[in-house]
Amino acid sequence: MTASAQLPLADDLFLTAHDTVKGKCLLSPATLGLGMASALIGELVLWRRVDIVDGKIQIIDDRPTGDPAATAVLDQLLREGHHRAVRDWISFLATGVATDLVERRLARSALVQRQEKRGLFGAKVSFVPSDSMIAGWPATRIRTFIGRGELLDIPDLVLAGLILATGLDQHVFVTLEARGRGQLFDQLKRRLPAMLLELVGQAEAAVGDAVMARRA
Amino acid sequence: MSSTATKPPQSQLSTALARDRLGVAAVVFFVMSAAAPLTVVAGVVPTGIAVTELTSISIAFVAVAVVLAIFAVGYVAMARHIANAGAFYAYIAQGIGRPFGVGASWVALLAYNMFQIAAYGGFGAIASPLFDKWFGLDISWWVLALVVWALTAVLGVRDVAVNGKVLATLLVAEIVVVFAFSIADLFSPNFTASSAPVDVTSLAGAGSGALLAMAITGFVGFEQSVVFSEESRDPRRTVPRATYIAISLIAVLYGFAAWAMISGAGPDVVGRAGTEGPDLFFNVASDQLGGRAVDLGYALFLTSLIAAMISFHNIIARYMFSLGREGVLPRAFGRTVPGTGAPKNGSLVQSALGLLVIIVYAIAGWDPLVNLFFWGGSGGGIGVLLLITLTSFAVIRYFVRHPEGEDFWHRLGAPVLGSVLLLVMSYLAISNIATLFGVEPGSKPTWVVPLAFGVLLVAGIAWALILRSSRPHVYAGIGLGARSASSVGGFSAALSSLDEKDKA
């Protein structure tokens, strides 16, 4: 019952980062931002627009992807040609840029909706999955594939990598038994292309960095 | 101006990343807040005078400051070249070797925990008589210690930090109080400018090591300045300047305050320190300032101790997080609570350790001020001194192998000079440990503390050697910290877990 169609990588990660019952975000805004930033860069790698080599982003194709969020990031990369370090880009996009782009993209497809919470210090606006079931789709898909012993495709492998890097696995992979876990790790290791492996590694390092610097 | 014409086009990325860059003042504040001035001046110094019966503490502060400043030359220089600056073991791992690095990381963990737990004892011992005086409540020290322990534990596990502005306000207030009370000492009726605190010959005399070990506790935290190497406005200037400023400020403030207190206390300062303890600092100034100012001083003493506890607890939890990510400690320490980013497991272990020590002291009936606060603090100080000494040698060895980009003074001159001085200081501190603790030479505390550090160092080295043969992937990343891309979070662990399976 892999009910849903696969969404762009960052959208899938955004949904996974939300509680399947209440729709609450499971990550701190800073960590969510790092995840969104890495996922958008990952989308550009999957679109064959950029390569990641030795910690640097190289643009190999400057044509728009047809997707507004990924294209916005590509445009920014083109504008700021003198900055190439992946870590800098992850940090920069994580300042809110990436989360914003992904929220807008998901809102357009009506998968998330704006939620306003009135609190003591004014209203807090956030985007939550419009149906709490939606949030569970991507993780369920990964678990189902793993359960059947099937191979994940590359975008889902990156998604699984980012789930581990952001610490979301403590929520969504807890039900995986040791064998399934071993299979997933094995696929990550053997099938994730080197560039994406590096991207996820950088994402994880950025998450650790944020914790050490008290920004998480 | 012509410079505007050549300025590159405004980069959104650079602007966004530069926004939270820190200046000199911010770094100095951060370093000083870990140093907790009132705790040192009113807590450590009078207790130390009572325990060691030595009074030449001002000159010891100055001497330690000079040595640390020389050490800092190479230290901040190396910080520019390595990742994970701010943790001594990172320098040692990359300068001397990974096994020593792991050993040092474990020694540091013990030393930092000694400081943290010493603070619980100090709070209990100091607050207990105050609650009696202010509210007429007779509460045991350990009850109060457990209250602040619980507060720290709850805030720590939820990762609530004391707001930076609150910390800064407390720090400024503390410095003002220390300074004002010291000025008041000058006008005390008993005041006679004493030469004992600034007696240079004491640094060569018996008990000099005890004085130096006591003084070094006042500086712990200065090493954190380099944490901001990557986040400062100008790494080549901001961090070195902030480090030297913090070291000099600490030396001047503590040295002056100690001198004024000893001079104002009259002829029998050792006897008074013994009977009055931390009250000495407040009592000497009370004639001039009146009870209200003294109460304010006490209140600030307690709040700053609490703020320091919370900050230090967070530093320890993050330190364990970093070690967990590297795989030097169990990987569980490298996990955070996803929703808050709190390094929960390190915090829990620190709290458990603190609880255990408070309970043991309470049951055994040991003195919280001398046996916990002072022994813990100065014992931790010895641990930090040993770490600084090892780090200093690591700096020399690092620059011998990577001489690029630094001049002779930064690479070799200062590090060699600093290493020699630190080696002498370490020797003096260890050989004077009986004087420092105020016990008979050869009695239990004099060998338990150095032995504990030694055992941890050796155990750490052994663990690193085990890692080298069993998990080379983890071994390779030692000393690079959570910031390195080879760290062991969930994802990297997934990858490295297979390395091991593949080999089997």
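**Entry 1: a helix pair in chain B**

I looked up helix α7 (residues 98-135) of chain B and helix α15 (residues 368-401) of chain B, and found that their axes come within 8 Å and cross at roughly 155°. I note that this is a predicted model. I chose these two quantities because packed helices are described by the angle between their axes and the distance between the axes. An angle over 145 degrees counts as roughly antiparallel, and I therefore recorded α7(B) and α15(B) as roughly antiparallel to each other. I then checked the handedness and found that α7(B) passes α15(B) in a left-handed crossing. For the contact of α7(B) with α15(B), I listed 19 nonpolar residues, eight polar residues and no charged ones.

**Entry 2: chain A**

I turned next to chain A, in which I found ten helices and four strands. Reading along the sequence, I wrote down the pattern α-α-β-β-α-α-α-β-β-α-α-α-α-α for chain A. I looked up the span of its C-alpha trace along the principal axes, which is about 50 × 45 × 35 Å. A compact globule of 216 residues would have a radius of gyration near 17 Å, and I noted that the 17 Å of chain A agrees with this. I also looked up burial: buried residues account for 50% of the 216 residues in chain A. Taking the contacts in chain A between residues at least 6 apart in sequence, I found that 70% join residues at least 24 apart.

**Entry 3: where the chains meet**

I then examined the interface and found 38 residues of chain A in contact with 30 residues of chain B. On the side of chain A that touches chain B, I recorded α2 (29-46), α4 (86-93), α7 (154-166), α8 (169-172), α9 (178-191) and α10 (194-212) of chain A as the elements giving two or more residues. The largest share of that side, eleven residues, comes from α10(A). I sorted the residues of the side of chain A that touches chain B into 17 nonpolar, 13 polar and eight charged.

**Entry 4: one residue of chain B**

Which residues does F491(B) touch? I located F491(B) in helix α20 (residues 490-503) of chain B. Not counting residues up to four places away in sequence, I found that F491(B) touches G161(A), L164(A), A165(A), V200(A), G201(A) and E204(A). Is F491(B) buried or exposed? I counted 28 other C-beta atoms within 10 Å of F491(B), so I entered F491(B) as buried. Lastly, I looked up F491(B) and D287(B), which are 204 residues apart along the chain, and found their C-alpha atoms separated by 63 Å.

Conventions:
Residues are numbered from 1 along each chain as its sequence is written. Chains are lettered from A and ligands numbered from 1 in the order in which they are written. This is a predicted model: local features need pLDDT of at least 70, side-chain atom pairs count only at pLDDT 80 or more; totals for chains, interfaces and linings use all residues. Two residues are in contact if their C-beta atoms, placed from the backbone, lie within 7 Å. Ala, Val, Leu, Ile, Met, Phe, Trp, Tyr, Cys and Pro count as nonpolar, Asp, Glu, Lys and Arg as charged, and the others, Gly among them, as polar. A residue is buried if 20 or more other C-beta atoms lie within 10 Å of its own, exposed if 12 or fewer, and partly exposed in between; C-beta atoms are placed from the backbone. The radius of gyration is taken over C-alpha atoms; the globule rule is 2.2 Å times the number of residues to the power 0.38. Axes are lines fitted to C-alpha atoms, for helices over the stretch in contact, and angles run from 0 to 180 degrees between N-to-C directions. Angles under 35 degrees count as roughly parallel, over 145 as roughly antiparallel, 65 to 115 as roughly perpendicular and the rest as oblique. A crossing is left-handed if the near helix is turned anticlockwise from the far one by less than a right angle, and right-handed if clockwise.
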